[in-house]
Amino acid sequence: MADPWANARVVTEVMVDNSFEPDHLTFHSGQPYALHLENHGKEMHEFTAPGFLRAATIRNLGRLANGGTDIVVQPGQSATVFLIPGRKGQYDLYCADHDWDGMVGSITVD
């Protein structure tokens with residue numbers, strides 16, 4: 001059987017103080033992705049997307065934090081999570097520590 005992760009599409013999200021670049025991501029349901037997060041800021045940031053992450057099949061669950069609701073990335077670091085998005089829809093994206101300062105975005109799964 002072929003490895004479903006062999007052709008994972010790379011999606012890069014850059015986190016800065018205090019925004020996501022880009023602030024909207026689109027994924028196709030059932031397709032494998034390598035979600036690559038880069039923290040270019042001076043503070044720790046979180047890719048918090050509870051609904052999206054819970055609906056997805058995650059290959060490397062150990063990268064998830066806070067009960068599977070987010071991915072923590074320290075300043076100057078990066079993290080890659082391999083996932084297959086689940087149900088179609090719109091999902092909230094925010095940094096749990098900096099949403100008050102406008103570090104918010106959205107995710108579409110089509």
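**Close-ups of a predicted model**

**View 1. The largest nonpolar core.** In this predicted model, the largest nonpolar core counts 27 residues, and the ones with the most contacts inside it are Phe-27, Leu-35, Phe-47, Phe-52, Ile-71, Leu-83 and Ile-107. Quite a few elements chip in with two or more residues each: S1, strand S3 (24–27), strand S4 (33–39), helix H1 (50–55), strand S7 (70–73), strand S8 (78–84), strand S9 (89–94) and strand S10 (104–109). As a general backdrop, nonpolar side chains tend to be buried together in soluble globular proteins. Zoom in on Ile-71: leaving aside residues up to four places away in sequence, Ile-71 touches Leu-35, Leu-37, His-45, Glu-46, Phe-47, Leu-53, Arg-63, Leu-64, Ala-79 and Val-81.

**View 2. His-45 and its neighbours.** His-45 belongs to strand S5 (residues 45–48). With 0% relative accessibility, His-45 counts as buried. Its side chain still finds a polar partner, making a contact of 2.6 Å with the side chain of Asp-17. Not counting residues up to four places away in sequence, the residues that His-45 touches include Met-15, Asn-39, Val-73, Cys-95, His-98 and Met-103. Ile-71 from the core view is also among them.

**View 3. Trp-5 meets Phe-82.** The whole structure holds 5 aromatic pairs. One of them is Trp-5 with Phe-82, an edge-to-face pair at 6.2 Å centre to centre and 80 degrees between the planes. This pair ties together distant parts of the chain, 77 residues apart: Trp-5 lies in the segment before S1, and Phe-82 lies in strand S8. Trp-5, at 13% relative accessibility, counts as buried, whereas Phe-82, at 24%, counts as partly exposed. Phe-82 has a charged visitor too: the charged end of Arg-59 sits over the ring, 5.4 Å from its centre.

**View 4. Phe-52, Tyr-91 and a ring cluster.** Phe-52 and Tyr-91 make an edge-to-face aromatic pair, with 5.9 Å centre to centre and 65 degrees between the planes. Here the link spans 39 residues, from Phe-52 in helix H1 to Tyr-91 in strand S9. Both partners are buried. Ring pairs also bring in Phe-27 and Tyr-33, linking them with Phe-52 and Tyr-91 into a cluster.

**View 5. The open sheet and its edges.** Here 5 strands line up as S2-S1-S4-S8-S6 in an open sheet with mixed pairing. Strand S2 (19–21) and strand S6 (57–58) stand at the edges with a single partner strand each, so one side of each has no neighbour in the sheet. S2 runs antiparallel to strand S1 (residues 9–16), and 3 bridges join the two. Across from Glu-21 in S2 you'll find Val-14.

Conventions. Residues are numbered from 1 along each chain as its sequence is written. This is a predicted model: local features need pLDDT of at least 70, side-chain atom pairs count only at pLDDT 80 or more; totals for chains, interfaces and linings use all residues. Side-chain values use heavy atoms; hydrogens and water are left out. Two strands pair if DSSP finds at least two bridges between them. Helices (H or I, at least four residues) and strands (E, at least two) are DSSP runs, numbered from the N terminus. Buried means under 20% relative accessible area, exposed over 50%, partly exposed in between (1.4 Å probe, protein chains only). A polar contact is a pair of N or O atoms within 3.5 Å; within protein, one must be able to donate a hydrogen and the other to accept it, and residues adjacent in sequence count only if both atoms are side-chain atoms. Contact means heavy atoms within 4.5 Å. A nonpolar core is a set of buried Ala, Val, Leu, Ile, Met, Phe, Trp, Tyr and Cys residues joined through side-chain atoms within 4.5 Å. Rings of Phe, Tyr and Trp (its six-membered ring) pair if their centres lie within 6.5 Å; planes under 30 degrees apart count as stacked, over 60 as edge-to-face and the rest as tilted. A charge sits over a ring if NZ of Lys or CZ of Arg is within 6 Å of the ring centre and within 35 degrees of the ring normal.
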